[in-house]
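Open the model in your viewer and keep the sequence panel beside it. The tour goes from single residues to a helix, then out to the whole chain.

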Amino acid sequence: MNYNELDISPVVIDYFASNRKHFSDLSSCNEYLEKMSGIKTFFINEEQLNQLIEFVAEKNYIVSEPNRREYGDFQTNTELSLKSVDYIKNNSSFDSFEFVLEPTCGKGSFIIASLREISNIKKIIGIEIYEPYIWETKFKILELFIKNLNLSKPSIEIIHDNVFDFDFEKLSKETKSLKTLVVGNPPWVTNSELSSIDSKNLPKKSNFKKHNGYDAITGKGNFDIGEYISLLMLKHFSSHIGCFGFLVKNSVVKTLIFDQKNNKFPIGSVKKLTIDAKKEFNVSVDACLFYSEFNKQPSMICNDLDFYSLKDNRVFGWVGNNFVNSVIDYKQANDIDGKCQFVWRQGIKHDCSKVMEIEKHNGHYINGLNQEFTIENDLVYGLLKSSDLKHTETNRYRKLTIVTQKKIGQETNYIKHSYPQTFEYLDKNREYFDKRKSSIYKGKPSFSIFGVGDYSFMPYKVAISGMYKRTLFTLITPDDSKPLMLDDTCYFIGFQEKRFAQIALYLLNHYHTQQFLKAIVFPDSKRSITKDVLMRIDLVKLYNLFDYSSVVDDIDISLNDWNEFESKINPKTEMKQMTLF
Ligand SMILES: C[S@@+](CC[C@H](N)C(=O)[O-])C[C@H]1O[C@@H](n2cnc3c(N)ncnc32)[C@H](O)[C@@H]1O
């Protein structure tokens, strides 16, 4: 062991220097250190002891930190581990624990915090794969006891092992009768990140997520190592009396609660306490303390709080068969959960913005390649993007686009004859279309676009951005008589008549619909507003929550408009909703 690589405090070095007489042989040294610190078998062999004595004599310590990416290595600072253990102690039904397990203990931050915050622990087990950290942990424990002679000393084992090989089943049986705290901060790394650096730091055999170990390792199932270790702990210890407290990514907690439907681990009082990972670990990751109590009725929901202020944000999880972002909002607004009578469409996709997104300047056009040109106006339409959908109504656009097809797959030869200037412009830039990588363009007519159909040419549209967290709907009205297009970051439904679009807009922006969206949309997802989400808004159920007298003050429509809207959306009525699309 090279002790020079460790961050051993001067207090510990002085302790070894001044107690050298007790360290003449391995067994008396270990006995002496166990009395001092509770740690069993501090040194495993004479060589380790002798190297330490030499090191102390030289009083020479330099810390060097190798690259430990594959170990998801983010050591918890003292304050955060103390605050976490403190939270667990104060919020659980226990004020003390007899057994503390830290399965990937690193430099021992949580072990020290437990020793400082919890009295009368009988047994502590820490496991860590990286040997220098084992030593740092042991020395820190020793330092703690040197400085606090009266602290009660549990039996402590700091084990150099791989968490994936450790026999937790045996440990669980041995400790079944002890009030248990499983605490720590497992590695922050996913299996696919590990495979990208060719790391073997993965479970060898596992039916984790119904993938076998090989599939998991080859990346078929992408999972977080922290999630795997959390499940390992819950599998072996959740039937103990006790608590669980792990620092993990928010995404891990979401998956754990999602999987509770099948796993049904006996955990209750489940909480996700959001931490500031930038401040605590200097990483831009959404992370939290995941807290739960063992040996309870399996909880399907999780309370989301701020770790520092304990401000309550929401409760998320399962309501019946629905996994929702906000249980309270869902219970209040689930009466509109169903199937939308209209099909929500995504806007136009062309993957050729330099050529297809143009601006108008003094009677001519200019494109993203700075080419100035003149083309017929017929195929040119105003284009709205997510960032243009900031208000409840608009017909203002910054860009225009060329709509080469009326429906997907339509031949585009007609452009050459009907719109020769447009064709010349497109043909001149053909290479940009040919360079499009997506396979959807393979074998399709020249200058093909997607997300186009009759619905694109509806004059009135009610649209929403798929890129932002906000759930505001915008009424799009035509530019003169020409409909405006949306790009593929937006979703919309189209209407022939403004009065119907106005009613749809009113209903969709109503507090009740907004509450429903807040309930079902997870804002931390990459794209929170999706077609699936929008298709769940049942317009008939929504419409039926209102009557004309309750809306007339807010929208400028007649009773006839209101009643006709019903016949447009309600499939039971004679009139077909097809007239809308
Ligand atoms: C996020 S760090 C946290 C360390 C410590 N729990 C803390 O709170 O400071 C994760 C730790 O897991 C260790 N580790 C990674 N893979 C491991 C494995 N397979 N077995 C045991 N420990 C592992 C790393 O070396 C690192 O110390």
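Select S528. In this predicted model, S528 has a relative accessible area of 7%. That is under the 20% cut-off, so S528 counts as buried. What surrounds it? Leaving aside residues up to four places away in sequence, S528 touches G466, Y468, K469, V521, F522, P523 and V533. Show those side chains. Then colour the flanking elements: S528 sits in the loop between α19 (511–520) and α20 (531–535).

**Next stop: α18**

Select residues 498–509. This is helix α18, with 12 residues. From first C-alpha to last, α18 reaches 16 Å, close to the 16 Å expected at 1.5 Å a residue. Is α18 largely enclosed or not? Of its 12 residues, 10 are buried, so α18 is largely enclosed by the rest of the structure. To see them, pick R499, F500, A501, Q502, I503, A504, L505, Y506, L507 and L508.

**Two loop asparagines**

Now check backbone torsions. Most residues other than glycine have a negative phi.

Select N120. Its phi is positive, about 65 degrees, although N120 is not a glycine. N120 is found in the loop between α5 (109–117) and β2 (123–128). Buried or exposed? N120 is exposed, at a relative accessible area of 54%.

Move on to N362. Here too phi is positive, at about 40 degrees, and N362 is not a glycine. The flanking elements are strands: N362 lies in the loop between β12 (357–361) and β13 (364–367). With a relative accessible area of 78%, N362 is exposed.

**Zoom out**

Switch to cartoon for the full chain. How many helices and strands are there? The protein chain has 23 helices and 21 strands. Its radius of gyration is 32 Å, well over the 25 Å that the globule rule gives for 581 residues, so the chain is more spread out than a compact globule. Align the view to the principal axes: the C-alpha atoms fill a box of roughly 100 × 55 × 40 Å.

Colour by burial next. Of the 581 residues, 54% count as buried. Then draw contacts. Among those between residues at least 6 apart in sequence, 74% join residues at least 24 apart.

Finish with the surface. The chain exposes about 26600 Å², and carbon and sulfur atoms supply 48% of that area. Colour the charges last. There are 75 positive and 75 negative side chains. The centres of the two sets lie 3 Å apart.

Conventions: Residues numbered from 1 in each chain as written. Predicted model: local features only at pLDDT ≥ 70, side-chain atom pairs only at ≥ 80, totals over all residues. Heavy atoms only, no water. Helix = DSSP H or I, 4+ residues; strand = E, 2+ residues; numbered from the N terminus. Expected span 1.5 Å × (residues − 1). Buried < 20%, exposed > 50% of the residue type's maximum accessible area, 1.4 Å probe, protein only. Rg over C-alpha atoms; globule rule 2.2 N^0.38 Å. Contact = heavy atoms within 4.5 Å. Areas by Shrake-Rupley, 256 points an atom, 1.4 Å probe, with all protein chains shown as cover. Lys, Arg positive; Asp, Glu negative; His and termini not counted. Charge placed at Lys NZ, Arg CZ, Asp CG, Glu CD.
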